[in-house]
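Student: Can we go through some of the labels in this model and check where each one comes from?
Tutor: Sure, let's have it in front of us.

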Amino acid sequence: VAVRRALGGVGSLVAGTAVALAAYAAHGADAEAQARLAQAAAFAFAHGLALAALAPLAQRRRALVALAAMLAGVLLFSGSLYLLTTVGIGKLGIITPFGGLAFLIGWLCLGLAAWRLQLTA
(Lines give C-alpha, C1' and ligand atoms only; values in the text may rest on other atoms or scores of the structure.)
Protein backbone atom coordinates (compact mmCIF):
# COMPACT_ATOMS: atom_id res chain seq x y z
CA VAL A 1 0.00 0.00 0.00
CA ALA A 2 2.78 2.44 0.90
CA VAL A 3 4.58 1.83 -2.41
CA ARG A 4 1.38 2.45 -4.37
CA ARG A 5 0.76 5.68 -2.48
CA ALA A 6 4.33 6.82 -3.03
CA LEU A 7 4.25 6.05 -6.76
CA GLY A 8 0.90 7.81 -7.12
CA GLY A 9 2.11 10.86 -5.22
CA VAL A 10 5.37 11.02 -7.13
CA GLY A 11 3.42 10.65 -10.38
CA SER A 12 1.34 13.69 -9.49
CA LEU A 13 4.48 15.66 -8.67
CA VAL A 14 6.09 14.58 -11.94
CA ALA A 15 3.04 15.69 -13.94
CA GLY A 16 2.94 19.04 -12.14
CA THR A 17 6.65 19.56 -12.67
CA ALA A 18 6.17 18.74 -16.34
CA VAL A 19 3.66 21.58 -16.64
CA ALA A 20 6.21 23.97 -15.18
CA LEU A 21 8.88 22.58 -17.49
CA ALA A 22 6.63 23.10 -20.51
CA ALA A 23 5.97 26.69 -19.44
CA TYR A 24 9.69 27.30 -19.08
CA ALA A 25 10.27 25.75 -22.50
CA ALA A 26 7.67 28.02 -24.06
CA HIS A 27 8.57 31.26 -22.30
CA GLY A 28 12.07 31.11 -20.83
CA ALA A 29 14.20 28.88 -23.03
CA ASP A 30 16.00 29.84 -26.19
CA ALA A 31 14.83 28.42 -29.51
CA GLU A 32 17.38 25.61 -29.53
CA ALA A 33 16.43 24.40 -26.05
CA GLN A 34 12.67 24.63 -26.55
CA ALA A 35 12.32 21.42 -28.54
CA ARG A 36 14.31 19.32 -26.07
CA LEU A 37 12.53 20.75 -23.05
CA ALA A 38 9.11 20.37 -24.67
CA GLN A 39 9.88 16.72 -25.43
CA ALA A 40 11.10 16.16 -21.87
CA ALA A 41 7.93 17.79 -20.51
CA ALA A 42 5.63 15.74 -22.77
CA PHE A 43 7.16 12.44 -21.73
CA ALA A 44 7.27 13.42 -18.06
CA PHE A 45 3.63 14.55 -18.09
CA ALA A 46 2.35 11.42 -19.83
CA HIS A 47 4.23 9.08 -17.53
CA GLY A 48 3.49 11.13 -14.40
CA LEU A 49 -0.19 10.93 -15.28
CA ALA A 50 0.10 7.18 -15.85
CA LEU A 51 1.80 6.76 -12.47
CA ALA A 52 -0.81 8.82 -10.65
CA ALA A 53 -3.69 7.00 -12.30
CA LEU A 54 -2.37 3.45 -12.24
CA ALA A 55 -0.55 3.29 -8.91
CA PRO A 56 -3.72 2.87 -6.82
CA LEU A 57 -4.74 -0.04 -9.08
CA ALA A 58 -1.41 -1.86 -9.01
CA GLN A 59 -2.04 -5.00 -7.00
CA ARG A 60 0.71 -7.29 -8.21
CA ARG A 61 4.46 -7.08 -8.16
CA ARG A 62 4.73 -6.94 -11.96
CA ALA A 63 2.51 -3.85 -12.07
CA LEU A 64 4.60 -2.14 -9.40
CA VAL A 65 7.79 -2.99 -11.30
CA ALA A 66 6.20 -1.51 -14.41
CA LEU A 67 5.42 1.73 -12.63
CA ALA A 68 8.90 1.87 -11.09
CA ALA A 69 10.37 1.45 -14.59
CA MET A 70 8.24 4.34 -15.81
CA LEU A 71 9.51 6.51 -12.98
CA ALA A 72 13.08 5.53 -13.83
CA GLY A 73 12.32 6.47 -17.43
CA VAL A 74 11.16 9.92 -16.38
CA LEU A 75 14.29 10.48 -14.31
CA LEU A 76 16.66 9.22 -17.00
CA PHE A 77 14.93 10.51 -20.14
CA SER A 78 13.29 13.75 -19.10
CA GLY A 79 15.84 14.47 -16.39
CA SER A 80 18.79 14.07 -18.71
CA LEU A 81 17.19 16.27 -21.38
CA TYR A 82 16.45 18.92 -18.78
CA LEU A 83 19.98 18.87 -17.37
CA LEU A 84 21.54 18.67 -20.82
CA THR A 85 19.63 21.76 -21.87
CA THR A 86 19.87 23.87 -18.72
CA VAL A 87 23.25 22.87 -17.30
CA GLY A 88 24.84 22.06 -20.64
CA ILE A 89 26.53 18.81 -19.69
CA GLY A 90 26.73 17.18 -23.11
CA LYS A 91 27.76 13.79 -21.73
CA LEU A 92 24.36 13.41 -20.06
CA GLY A 93 22.83 12.76 -23.46
CA ILE A 94 24.27 9.27 -23.34
CA ILE A 95 21.77 8.23 -20.63
CA THR A 96 18.69 9.57 -22.43
CA PRO A 97 18.15 6.35 -24.46
CA PHE A 98 18.21 4.33 -21.24
CA GLY A 99 15.24 6.39 -20.09
CA GLY A 100 13.44 5.49 -23.30
CA LEU A 101 14.27 1.84 -22.69
CA ALA A 102 12.90 2.10 -19.15
CA PHE A 103 9.65 3.53 -20.59
CA LEU A 104 9.39 0.58 -22.98
CA ILE A 105 10.08 -1.92 -20.20
CA GLY A 106 7.49 -0.24 -18.00
CA TRP A 107 4.78 -0.39 -20.63
CA LEU A 108 5.67 -3.97 -21.56
CA CYS A 109 5.52 -5.07 -17.91
CA LEU A 110 2.25 -3.23 -17.43
CA GLY A 111 0.79 -4.94 -20.49
CA LEU A 112 1.93 -8.32 -19.22
CA ALA A 113 0.46 -7.60 -15.80
CA ALA A 114 -2.88 -6.63 -17.32
CA TRP A 115 -2.90 -9.66 -19.61
CA ARG A 116 -2.08 -11.97 -16.74
CA LEU A 117 -4.94 -10.55 -14.66
CA GLN A 118 -7.36 -11.19 -17.51
CA LEU A 119 -6.23 -14.80 -17.80
CA THR A 120 -6.52 -15.53 -14.08
CA ALA A 121 -9.77 -13.70 -13.38
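Student: Why is Phe 103 called buried?
Tutor: Its relative accessibility is 4%, and buried means under 20%, so Phe 103 gets that label. Keep in mind that this is a predicted model.

Student: What makes Phe 43 and Phe 103 a stacked pair?
Tutor: Their ring centres lie 5.6 Å apart, and the cut-off for a pair is within 6.5 Å. The planes are at 20°, and under 30 degrees counts as stacked, so the pair earns the name. It also links distant parts of the chain, with Phe 43 in helix H2 and Phe 103 in helix H4, 60 residues apart. Phe 77 joins these two in one aromatic cluster.

Student: And why does Phe 43 count as partly exposed?
Tutor: Phe 43 has 33% relative accessibility. Partly exposed runs between the 20% and 50% limits, so that is where Phe 43 falls.

Student: How do you know that Ser 78 is buried or exposed?
Tutor: Ser 78, in helix H3, has 5% relative accessibility. The limit for buried is under 20%, so Ser 78 is buried. Its side chain reaches the backbone oxygen of Ala 40 at 2.9 Å, and a polar atom of that side chain lies 3.5 Å from the backbone nitrogen of Ala 44.

Student: What makes Val 87 exposed?
Tutor: Val 87 sits in the loop between helix H3 and helix H4. Its relative accessible area is 52%, and exposed means over 50%, so the label holds. Val 87 also belongs to a nonpolar surface patch with Tyr 82, Leu 83 and Ile 89.

Terms used: Residues are numbered from 1 along each chain as its sequence is written. This is a predicted model: local features need pLDDT of at least 70, side-chain atom pairs count only at pLDDT 80 or more; totals for chains, interfaces and linings use all residues. Side-chain values use heavy atoms; hydrogens and water are left out. Patches are made of residues with over 30% relative accessible area and no salt bridge: like charges are joined within 9 Å, nonpolar side chains (Val, Leu, Ile, Met, Phe, Trp, Tyr) within 5 Å. Accessible areas come from the Shrake-Rupley method with a 1.4 Å probe; for residues, only the protein chains shown count as cover. A salt bridge is a side-chain nitrogen of Lys or Arg within 4 Å of a carboxyl oxygen of Asp or Glu. Helices (H or I, at least four residues) and strands (E, at least two) are DSSP runs, numbered from the N terminus. Buried means under 20% relative accessible area, exposed over 50%, partly exposed in between (1.4 Å probe, protein chains only). Rings of Phe, Tyr and Trp (its six-membered ring) pair if their centres lie within 6.5 Å; planes under 30 degrees apart count as stacked, over 60 as edge-to-face and the rest as tilted. A polar contact is a pair of N or O atoms within 3.5 Å; within protein, one must be able to donate a hydrogen and the other to accept it, and residues adjacent in sequence count only if both atoms are side-chain atoms.
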